[in-house]
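Work through these exercises with the model open beside you. Try each task before reading its solution.

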Amino acid sequence: MASLYVHIPFCRKACSYCDFYFSLNRDKYENSFTQALLQEILLVKDFFKDLPHQEAKKYAEHGLRSVYVGGGTPSILESENLKRIMAALFRNFKISAHAEISLEVNPEDSTAEKLLLWRSLGFTRLSLGLQAFSEQALVYLGRRHGYLKPMALNSLLKNAQRAGFKNISVDLMYGFASLEDAKWVESLKQVLAFNINHVSAYALSVEPGSLLARQIAHGRRAAVDEAHASRQFLLLRKVLKQQGFLQYEISNFSRNINSFSRHNMSYWQGRPYLGLGPAAHSYDGAKKRFINVSNIHNYARVLSNQKKHSTEIKALKQVEILSTQERFHDFLITRLRNLNGISLTEIEELFFENSGTKKLRKTFFKQVTLLEKEKLLYVYRGRRLRLTEKGLLFSDYIIRSFFIEKQDLVQQKTKN
Ligand code: SF4
């Protein structure tokens with residue numbers, strides 16, 4: 001089923017590794033942003049009704065099964081503004097009574113009072129941006145919040161449970177030089193001792209142009225070492241498995257199948273989604289992708305114009321018509337990361353039935369054979385393509401290998 005994402009583009013401080021769109025000028029922009037977002041909700045409230053027939057029908061029957069308010073740092077919004085946004089979402093979209101409604105929060109904002117408020121606004125799931133469980137690691141990442149002592153985390157989680165949150169996920173990062181293996185394992189064990197049911201853990205990636213990339217280039221931060229990150233990924237898998245967690249995607253682990261992130265699952269299954277807010281993306285589940293104006297000032301300006309709706313939407317959302325090759329690329333990226341893998345029957349039906357796709361099919365299966373020989377992926381029961389444990393470490397390389405010439409790939413692998 002379809003899902004909805006709201007991007008709240010404010011942060012208190014820029015983390016050094018970040019490449020999301022955000023602004024540090026909340027005082028200046030929060031009210032105009034909220035006003036613009038309310039206007040966008042009105043403009044695109046029929047998005048799901050206008051989807052291709054089957055999807056529109058599902059929406060009419062069941063409503064949205066997932067809403068995610070992320071960022072940025074949504075937990076720094078003024079309570080009054082968050083109330084207005086949530087009320088507008090419930091008023092203008094059909095949201096299932098059983099929907100997963102997630103809020104991304106920073107530990108420092110999660111007071112007992114705020115947790116009660118968030119629950120009363122309809123949120124059912126918290127995604128807690130812990131990132132690291134040591135002072136040294138947080139300094140390396142340039143995070144604003146300080147080290148959360150186990151007692152403080154314990155009381156935060158107790159308050160969350162008292163407020164009625166049963167579904168709590170923690171975000172962690174690994175693979176950076178100041179995080180030693182022993183500390184990583186200790187942090188994981190400390191976090192897992194609490195009553196949380198989901199973990200998202202990402203290897204730190206150094207984005208070109210980020211502050212971290214500049215710090216590393218000037219020798220002010222140690223560089224990221226791939227072997228170190230791979231080792232910590234394997235430790236992550238081992239510790240979470242020992243603690244009874246299921247890995248259902250490369251970076252996502254859940255206590256049981258009921259606490260898989262529905263929102264992420266919906267992206268990975270290629271379902272339609274609507275993104276609201278600056279720089280948010282939307283997808284119609286077929287061939288169209290939409291990208292919102294990324295700059296907060298322009299976003300508010302476009303939405304404050306009193307023009308006809310269609311003109312306003314055009315100025316707000318840039319449309320991309322995806323080619324078969326692009327859709328195939330997106331399909332592989334999202335599905336291969338899923339531990340359940342890709343159904344070969346589905347690939348045939350979606351991409352290879354048409355006679356014009358013969359070459360794409362031939363190249364794909366040739367590459368599958370090569371990757372099988374390298375023990376990076378395997379065909380499970382003749383029906384599903386899955387990454388091996390070694391393949392989980394090289395997923396980016398594997399996905400790229402389906403789309404670029406061999407000699408370029410060898411060069412890229414060498415550079416990495
Ligand atoms: S809090 Fe999140 S969005 Fe904001 S700068 Fe840090 S990583 Fe980026």
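**Exercise 1: A hairpin and its sheet**

Task: Describe how strands S14 and S15 pair, and find their place in the sheet.

Solution. Start with the pair itself. Strand S14 (residues 377-380) and strand S15 (residues 384-387) run antiparallel and are joined by 4 bridges. The model is predicted, so keep that in mind throughout.

Next, match residues across the pair. Leucine 377 faces leucine 387 in S15. Tyrosine 378 has arginine 386 of S15 as its bridge partner.

Then look at the turn. The hairpin has 3 residues between its strands, and arginine 381 takes a positive phi near 50° there.

Now widen the view. The open sheet has 3 strands in the order S13-S15-S14, with antiparallel pairing. Strand S13 (342-343) and S14 are at the edges with a single partner strand each, so each has one side without a neighbour in the sheet. As a general rule, strands of a sheet pair through backbone hydrogen bonds.

**Exercise 2: The whole chain**

Task: Which radius of gyration would a compact globule with 416 residues have, and what does the protein have?

Solution. The globule rule gives a value near 22 Å for 416 residues; the protein has 22 Å, so the two agree. Add the extents: the C-alpha trace spans about 60 × 50 × 45 Å along its principal axes. Count the elements: there are 18 helices and 15 strands. Finish with burial and contacts. Buried residues are 34% of the 416. Of the contacts with a separation of 6 or more, 71% join residues 24 or more positions apart.

**Exercise 3: Two domains and a core**

Task: Which elements of domain 1 give two or more residues to the side that touches domain 2?

Solution. First, set the bounds. The domain assignment gives domain 1 (3-268) and domain 2 (324-415). Their C-alpha centres lie 29 Å apart. The contact takes 8 residues from each of domain 1 and domain 2. On the domain 1 side, helix H9 (226-242), strand S7 (246-249) and helix H10 (262-268) each give two or more residues. S7 gives the most, with 3 residues. By type, the residues on this side are 5 nonpolar, 2 polar and 1 charged.

Now turn to the core. The largest nonpolar core has 92 residues, and Leu4, Leu141 and Leu172 touch the most other members. Both domains give residues to this core, so it lies between them. In soluble globular proteins, nonpolar side chains tend to be buried together.

Pick one core residue. Beyond its neighbours within four places in sequence, leucine 141 contacts residues including Cys15, Tyr17, Gln131 and Met173.

**Exercise 4: Unusual backbone angles**

Task: Is glutamine 131 buried or exposed? Is alanine 279 buried or partly exposed?

Solution. Begin with the general expectation: most residues other than glycine have a negative phi, and most peptide bonds are trans.

Glutamine 131 has a positive phi near 65°. Glutamine 131 sits in strand S4 (residues 125-131). Glutamine 131 has 22 C-beta neighbours inside 10 Å; the cut-off for burial is 20 or more, so it is buried.

Alanine 279 also has a positive phi, of about 70°. Alanine 279 lies in the loop between strand S9 (273-276) and strand S10 (281-283). Its 18 C-beta neighbours inside 10 Å make alanine 279 partly exposed.

One peptide bond remains. The bond from glycine 71 to glycine 72 is cis, with omega near 25°. Glycine 72 is in the loop between strand S2 (64-71) and helix H3 (79-92).

Terms used: Residues are numbered from 1 along each chain as its sequence is written. This is a predicted model: local features need pLDDT of at least 70, side-chain atom pairs count only at pLDDT 80 or more; totals for chains, interfaces and linings use all residues. The radius of gyration is taken over C-alpha atoms; the globule rule is 2.2 Å times the number of residues to the power 0.38. A residue is buried if 20 or more other C-beta atoms lie within 10 Å of its own, exposed if 12 or fewer, and partly exposed in between; C-beta atoms are placed from the backbone. Two residues are in contact if their C-beta atoms, placed from the backbone, lie within 7 Å. A nonpolar core is a set of buried Ala, Val, Leu, Ile, Met, Phe, Trp, Tyr and Cys residues joined through C-beta atoms within 7 Å. Domain bounds come from an automatic or database domain assignment. Two strands pair if DSSP finds at least two bridges between them. Ala, Val, Leu, Ile, Met, Phe, Trp, Tyr, Cys and Pro count as nonpolar, Asp, Glu, Lys and Arg as charged, and the others, Gly among them, as polar.
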